[in-house]
Amino acid sequence: VVFMSVGSITLVSIAKKSTLGIVETEAFCRLQLEYLYAQLIFNFTDQIQTNFRHNPGYDLRSIMSSEDNLLHSLLDESGPEGNAGPFLVGGVQSVFPISHKIRKKISQVLQSVGSKTENLAFALIVLGDKLVSLVQPSYRPHQLKVSDLHLILHFLSKQPGMLTSELWIPMCLPRFNSSGFLYAYTFCLDVEMKLCLVLISSHS
């Protein structure tokens, strides 16, 4: 049993040996709880902490609704029977192998899009739940952290309309700015391959 308190919120993980015979360690459970809390901030910003400070009896379930599915799927993916590797090593899954020339060309296209798009923070090409290319500021403090990138890829892979329509989605990146939303525009370039363009802007 692992507890993790962040401000007014306490998260609890109760683990047992998985069907694969894997026993989750305290560090592994804590990592999952950190991602669980990050997913809450991703959906609601750190305003949820303010809500609890002003009203200790505040029921978070009142605003959860469909976010429950995101939390469950994040736990399944990062658990020992999911695809925990990228979470444990602090990396994200990318499309590999891929020609260096192709990846460079994709990045150049993203850069050209970024130079013509006002208030653009990040530009991504994703294939399903895998990263193909990412263009971001060269200034390190303004770059995406791996945990935020995990949340973006996980969230987008669970959107039912991702492959059939353009979407404009608010999202809060906890390690970038936990108190406000960025806005992601998504457009599917190839439905069969699940190849999508994602532009993340500071303005709606």
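This report describes the strands, helices and salt bridges of a predicted model.

**The five-stranded sheet**

Five strands make up an open sheet with antiparallel pairing, and their order across the sheet is 4-3-7-6-5. The edges are taken by strand 4 (130-135) and strand 5 (167-171), each of which has a single partner strand, so one side of each is left without a neighbour in the sheet. On average, and with direction ignored, neighbouring strands of this sheet are turned by 25° against each other. The edge strand 4 pairs with strand 3 (residues 120-127) in the antiparallel sense, over five bridges, and within this pairing Val126 has Leu131 of strand 4 as its bridge partner.

**Helices on the sheet**

Helix 5 (residues 100-116) packs on this sheet, where it touches strand 3, strand 4 and strand 7 (195-201), and the direction of helix 5 makes about 50° with that of strand 4. Helix 6 (residues 146-157) lies across strand 3, strand 4, strand 5, strand 6 (182-190) and strand 7, and it runs at about 140° to strand 5.

**Contacts of helix 1**

Helix 6 also meets helix 1 (residues 26-44): the axes of these two helices come within 11 Å and cross at roughly 70°. Because angles of 65 to 115 degrees count as roughly perpendicular, helix 1 is described as roughly perpendicular to helix 6, and the crossing of this pair is right-handed. On the side of helix 1, the contact is made by Tyr35, Ala38, Gln39, Phe42 and Asn43, which meet Ser147, His150, Leu151, Ile152, His154 and Phe155 of helix 6.

Helix 1 has a further contact with helix 2 (residues 47-54), in which the axes come within 8 Å and cross at roughly 95°. Helix 1 and helix 2 are therefore also roughly perpendicular to each other. In this contact Tyr37, Leu40, Ile41 and Phe44 of helix 1 meet Gln47, Ile48 and Gln49 of helix 2. The axis values for the two pairs are set out below.

| Helix pair | Axes come within | Crossing angle |
|---|---|---|
| Helix 1 and helix 6 | 11 Å | roughly 70° |
| Helix 1 and helix 2 | 8 Å | roughly 95° |

**The hairpin of strands 1 and 2**

Strand 1 (residues 2-6) and strand 2 (residues 9-13) pair in the antiparallel sense over five bridges, and Val2 stands opposite Ser13 of strand 2. The two strands form a hairpin with two residues between them, and in the turn Gly7 has a positive phi of about 60°.

**Salt bridges**

The structure holds two salt bridges. One of them joins the side chains of Arg61 and Asp59, with a distance of 3.0 Å from N to O. Arg61 is exposed, with a relative accessible area of 68%, while Asp59 is partly exposed, with a relative accessible area of 33%. The other salt bridge brings together the side chains of Asp129 and Lys130 at 3.8 Å, N to O. In this pair Asp129 is partly exposed at a relative accessible area of 32%, and Lys130 is likewise partly exposed, at 31%. Lys130 also lies within the residue range of strand 4 (130-135), one of the edge strands of the five-stranded sheet.

Note on methods
Residues are numbered from 1 along each chain as its sequence is written. This is a predicted model: local features need pLDDT of at least 70, side-chain atom pairs count only at pLDDT 80 or more; totals for chains, interfaces and linings use all residues. Side-chain values use heavy atoms; hydrogens and water are left out. A salt bridge is a side-chain nitrogen of Lys or Arg within 4 Å of a carboxyl oxygen of Asp or Glu. Buried means under 20% relative accessible area, exposed over 50%, partly exposed in between (1.4 Å probe, protein chains only). Two strands pair if DSSP finds at least two bridges between them. Helices (H or I, at least four residues) and strands (E, at least two) are DSSP runs, numbered from the N terminus. Axes are lines fitted to C-alpha atoms, for helices over the stretch in contact, and angles run from 0 to 180 degrees between N-to-C directions. Contact means heavy atoms within 4.5 Å. Angles under 35 degrees count as roughly parallel, over 145 as roughly antiparallel, 65 to 115 as roughly perpendicular and the rest as oblique. A crossing is left-handed if the near helix is turned anticlockwise from the far one by less than a right angle, and right-handed if clockwise.
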